[in-house]
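Work through these short exercises with the model open. Each task comes with a stepwise solution.

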Amino acid sequence: MTKNSTVSKVLEKEYKYGFLTQIESEKIPKGINEDIIRLISKKKKEPEFLLDFRLKAYKQWKMMDEPKWADLNYPDIDYQDIIYYSAPKGIEKKKSLDEVDPEILETFDKLGIPLNEQKRLSNVAVDAVFDSVSIATTFKEKLAEDGVIFCSISEAVEEYPDLVKQYLGKVVPINDNFFAALNSAVFSDGSFVYIPKGVECPMELSSYFRINSGDTGQFERTLIIAEERSSVSYLEGCTAPMFDTNTLHAAVVELIALDDASIKYSTVQNWYAGDKNGVGGIYNFVTKRGQCKGKRSKISWSQVETGSSITWKYPSCILQGEDSTGEFYSVALTNNKQIADTGTKMIHIGKNTKSTIISKGISAGHSKNTYRGKVHIGSKAIGAKNYSQCDSLLIGDDAEANTYPYLHSKQIKSNIEHEASTSKISEDQLFYLRSRGISNEEAISMMVSGFCRDVFNELPMEFASEADSLLGLKLEGTVG
Amino acid sequence: MNQKKIILEIKDLCGGIEGKDILNGVNLKVYEGEIHALMGRNGSGKSTLSKMIAGHPEYTITSGEIIFRNKDLTQLDPEERSNIGVFLGFQYPIEIPGVKNIDFLRVAVNERRKILQKSELDTFEFEEWIEEKLKIVKMDKDFLERGVNEGFSGGEKKRNEILQMALLEPEVSILDETDSGLDIDALRIVAAGINKLHSNESATILITHYQRLLNEIKPDFVHIMKNGEIIKTGGKELAIELEQKGYETFQNPFNESKE
């Protein structure tokens, strides 16, 4: 056997969420222009302010250039060849779950996200998004008892327009970057969460995003507001069918934490990654940012990124309130020809703000995995502290790992610590474990889990084991 | 007395690594209850032989057989060989950062127990069970909480190997230079451990350069390897002779011209 063959054999895997749901959907014509934006807004029966928001964003977007600094090496995207809105037919009329197309319910069942009352996870509320629309949100009534609002963003626009107007686009301005501007112009659906003062959200909230159409982009928008002394833990998951073309996903997530509030946002991203030769897969260009607006507020991002052919994503924290805390815990696994360029930005503005960055990148096959992060300490951030740790693990001889930390400090009374390491799963390590009776696959899983432990410890309990098995699944050849 | 059963038989084993022949026809028979010492210079093929028995994928067997309890080992994966009772103590135990020693040991033990048709041990049962085994190598419990061999000293690594041997209860153990890099106290601990684990149903093959290990563990047979062959076999006295005269004196009686 050659040196690589044992490792690569183990890495061959099947994507088990790659099925396509056969369903009639209503699509608008391809391409983007003012009329298309008006049409999306009209379909969603939006108020004037939102149409204005979209049109402004579109104007900005037209003047912007696609960012190329990340060295992602993908062919130019034809933005006129994308459908910006696709919804299962007749979805607008559905009010209760009973009316939802059983095909769609079955799809979510198959994905392990049952929406039916009887089968639901008892302590997790789910908002299920299929292509451009939210299909259902579970436990809405129960959450309402505590004043927690959890619904699709479309519904929030309708029911709570003042809240949406007050916060939308405030953390990620419409002209923030090319993809954020595009999203602001054409976003279709996503989740909305509002936790009132002093409320600790009684259950985990989660959104599940499913892209079903091959030629439709998904542009979801999520907004989470945590009022004073409130707390919430939110998780998102994502999958898509296997197509040999690339699908664009450009989401924007905005979080706002007021005094003493805390938001924990976890992502398990498993979009279709393309095949072995890099054909197909999702282009995942996402802007996620949280604002620790209040004193002693806290925002914690944890992410397990295993899918997409390209991931471009930097969940960030603006640490504005004094004594506020930002955290970023990330596991990014790339295989075959996947490219991930991910990291975080911690912007320290307030006094005594603290941030922690723990990033674990695993690259296998011919993939490229980059950590890119920025720690900025502003001139008023006396006593600010950052700790960063970026570790890369290489599997096989053809994968690439890069680390680009950018550190800026304008305050002498602050402290930045950065540690980085690169290691490799060697054939000798594998043989050592195998010679103790542990199979190849289990050996690799064990080493990868060990490498990721610091991050898995940060995931909500219900999902930590799921993330672990997801990585296992990605690395196993036999489980399909 | 019952007739002793054969555990391991190596017949005319040839092969090497990356196209380079290292073994040129090794023959060896190991019976239950025996301790064999395999000596020879660096590059004589001792470690290659041990790795081929354990099934290292980088080593290729070009001809010959390795028979363990009537099974052809060469057809099995390394993990299968371990599970049926073949153990290799590494000359340089490998560090596996992040994987907790105790987790690794428990998975390994449970794989072996499956084959022995014993019940799987859960975390609590395993912790209890391992305590006795730790005493054999005089290891502290703290070692279990660290990464596998991560930051262990040379002596600690070797003791961890013998701990694994104690846990896996193999039928044949090949210990590759377990004595190298050990101070005299650590050598005694490791040797005492090996002696304690040796039984009438199992066999031990010690690969070593030095006589000093053989003062602690008494071999039934001493083999001298040279150029990928066993050129001489004798009793314990052969090791003493070797220590006095050096390897130069020993030639393959059939292959004099080669030297």
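**Exercise 1.** In this predicted model, are A:Y84 and A:F219 buried or exposed? Then classify their ring pair.

Solution.
- Step 1: A:Y84 is buried, and A:F219 is too.
- Step 2: Their ring centres lie 5.3 Å apart, with 20 degrees between the planes.
- Step 3: Planes under 30 degrees apart count as stacked, and this aromatic pair is stacked.
- Step 4: A:Y84 is in the loop between α3 and β2 of chain A, and A:F219 is in the loop between β7 (204–210) and β8 (221–226), so the pair ties together parts 135 residues apart in sequence.

**Exercise 2.** Find how many aromatic pairs the structure holds over all chains. Then analyse A:Y79 and A:F178.

Solution.
- Step 1: The total is 23 aromatic pairs.
- Step 2: A:Y79 and A:F178 pair edge-to-face, at 5.5 Å centre to centre and 70 degrees between the planes.
- Step 3: A:Y79 sits in the loop between α3 (48–63) and β2 (86–88) of chain A, and A:F178 in helix α8 (residues 178–186), so this contact links parts 99 residues apart in sequence.
- Step 4: A:Y79 counts as buried because its relative accessibility is 8%. A:F178 is buried at 6%.
- Step 5: Both rings belong to one aromatic cluster, which also includes A:W61 and A:Y74.

**Exercise 3.** Describe the setting of strand β17 (residues 325–334) of chain A.

Solution.
- Step 1: Of its 10 residues, 10 are buried.
- Step 2: Side chains in a regular strand alternate between the two sheet faces.
- Step 3: Both faces of β17(A) are covered.
- Step 4: β17(A) pairs in the parallel sense with β14(A) over 8 bridges and with β20(A) over 10.

Key
Residues are numbered from 1 along each chain as its sequence is written. Chains are lettered from A and ligands numbered from 1 in the order in which they are written. This is a predicted model: local features need pLDDT of at least 70, side-chain atom pairs count only at pLDDT 80 or more; totals for chains, interfaces and linings use all residues. Side-chain values use heavy atoms; hydrogens and water are left out. Buried means under 20% relative accessible area, exposed over 50%, partly exposed in between (1.4 Å probe, protein chains only). Helices (H or I, at least four residues) and strands (E, at least two) are DSSP runs, numbered from the N terminus. Two strands pair if DSSP finds at least two bridges between them. Rings of Phe, Tyr and Trp (its six-membered ring) pair if their centres lie within 6.5 Å; planes under 30 degrees apart count as stacked, over 60 as edge-to-face and the rest as tilted.
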